[in-house]
Each structure stands twice: as structure tokens, then as C-alpha cells.
Amino acid sequence: MAGPIEAGADALVMDAADHVATAIRDIAAGQTVQYVVQGVRLSLVAEEAVPFGHKIAITDIPQGEKVRKYGEVIGRATTAIPKGRHVHVHNKI
């Protein structure tokens with residue numbers, strides 16, 4: 001499971017196998033998002049707005065791919081989801 005929330009992190013990744021991070025603040029399109037995976041601080045640019053509590057893709061997710069959060073499958077991508085895009089019911093089931 002995840003460790004402590006890192007100072008300056010904008011999103012949380014729960015497991016190294018995850019495709020998504022959970023926003024811990026509202027994120028605007030074009031903003032740099034910082035997150036930590038296994039102690040390594042990473043960042044990406046949000047391609048669209050992501051509301052607090054919603055998910056952002058931290059890797060490209062091909063159409064049909066099983067989407068992982070908490071190291072578990074939480075759905076399947078109904079369309080290709082590029083890194084930095086909002087992941088929600090509009091693009092996963």
C-alpha cells in the first residue's frame with residue numbers, strides 16, 4: 001500500500017502496478033502534477049482538468065486495457081487514455 005503523503009505531491013499512487021494516480025487537489029489543464037511511486041518523485045503535465053478525488057493516467061492506457069488502482073483492476077479503458085488525461089466513467093467501465 002501507499003506510504004505517507006509526500007510534501008508537494010498533487011496526486012497519490014497506491015501501488016507500483018497502478019495506471020492512475022488520485023488527485024489530492026483540483027488540477028487544471030496544463031499544470032504539472034507531482035506524484036511518488038516507490039519512493040521516486042515523478043511528474044507529468046495534466047492534459048485536461050482533473051477534479052479532487054478523481055484519477056489521472058500516469059501512463060498511456062490502450063483501449064481495452066484493464067485499468068489498475070490499488071494494484072487491482074477497477075475497470076477497462078473504453079477508449080485509449082493518454083498519460084495526463086482524466087480517467088473516469090467517460091472513458092472506462
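Visitor: What makes the 4 strands with the order 1-2-5-8 a sheet, and is that sheet open or closed?

Guide: In this predicted model, the 4 strands form an open sheet in the order 1-2-5-8, and their pairing is antiparallel. Strand 1 (11–12) and strand 8 (86–87) stand at the edges with a single partner strand each, so one side of each has no neighbour in the sheet.

Visitor: How do you know that strand 5 and strand 8 pair?

Guide: Two strands count as paired if at least two bridges are found between them. Strand 5 (residues 55–57) is joined to strand 8 by 2 bridges, so the criterion of at least two is met. The two strands run antiparallel, and Lys55 stands opposite Val87 in strand 8.

Visitor: Which elements does the protein chain contain, and in what pattern?

Guide: The protein chain has 0 helices and 8 strands, and along the sequence the pattern reads β-β-β-β-β-β-β-β. Buried residues make up 38% of its 93 residues.

Visitor: Why is Asp18 described as having no salt bridge?

Guide: A salt bridge requires a side-chain nitrogen of Lys or Arg within 4 Å of a carboxyl oxygen of Asp or Glu. For Asp18, the nearest side chain of opposite charge is that of Arg68, 7.1 Å away. The cut-off is therefore not met, and Asp18 is buried without a salt bridge.

Visitor: What does the side chain of Asp18 reach, and at what distance?

Guide: The side chain of Asp18, a residue in the loop between strand 1 and strand 2 (20–23), reaches the backbone nitrogen of Tyr70 at 3.1 Å. That value lies within the 3.5 Å limit for a polar contact. Beyond its neighbours within four places in sequence, Asp18 is in contact with residues including Val13, Ile58 and Gly71.

Visitor: Why is Arg25 called partly exposed?

Guide: Partly exposed covers the range between buried, under 20% relative accessible area, and exposed, over 50%. Arg25 has a relative accessible area of 28%, so Arg25 belongs to the partly exposed class. Arg25 lies in the loop between strand 2 and strand 3 (32–37).

Visitor: What makes the pair of Arg25 and Asp10 a polar contact?

Guide: The side chains of Arg25 and Asp10 make this contact at 2.8 Å, which is within the 3.5 Å limit. Among the other residues that Arg25 touches, leaving out those up to four places away in sequence, are Val50, Pro51 and Phe52. The C-alpha atoms of Arg25 and Val50 are separated by 8.6 Å, although the two residues are 25 residues apart along the chain.

Conventions. Residues are numbered from 1 along each chain as its sequence is written. This is a predicted model: local features need pLDDT of at least 70, side-chain atom pairs count only at pLDDT 80 or more; totals for chains, interfaces and linings use all residues. Side-chain values use heavy atoms; hydrogens and water are left out. Buried means under 20% relative accessible area, exposed over 50%, partly exposed in between (1.4 Å probe, protein chains only). Lys and Arg count as positive and Asp and Glu as negative; His and the chain ends are not counted. A polar contact is a pair of N or O atoms within 3.5 Å; within protein, one must be able to donate a hydrogen and the other to accept it, and residues adjacent in sequence count only if both atoms are side-chain atoms. Contact means heavy atoms within 4.5 Å.
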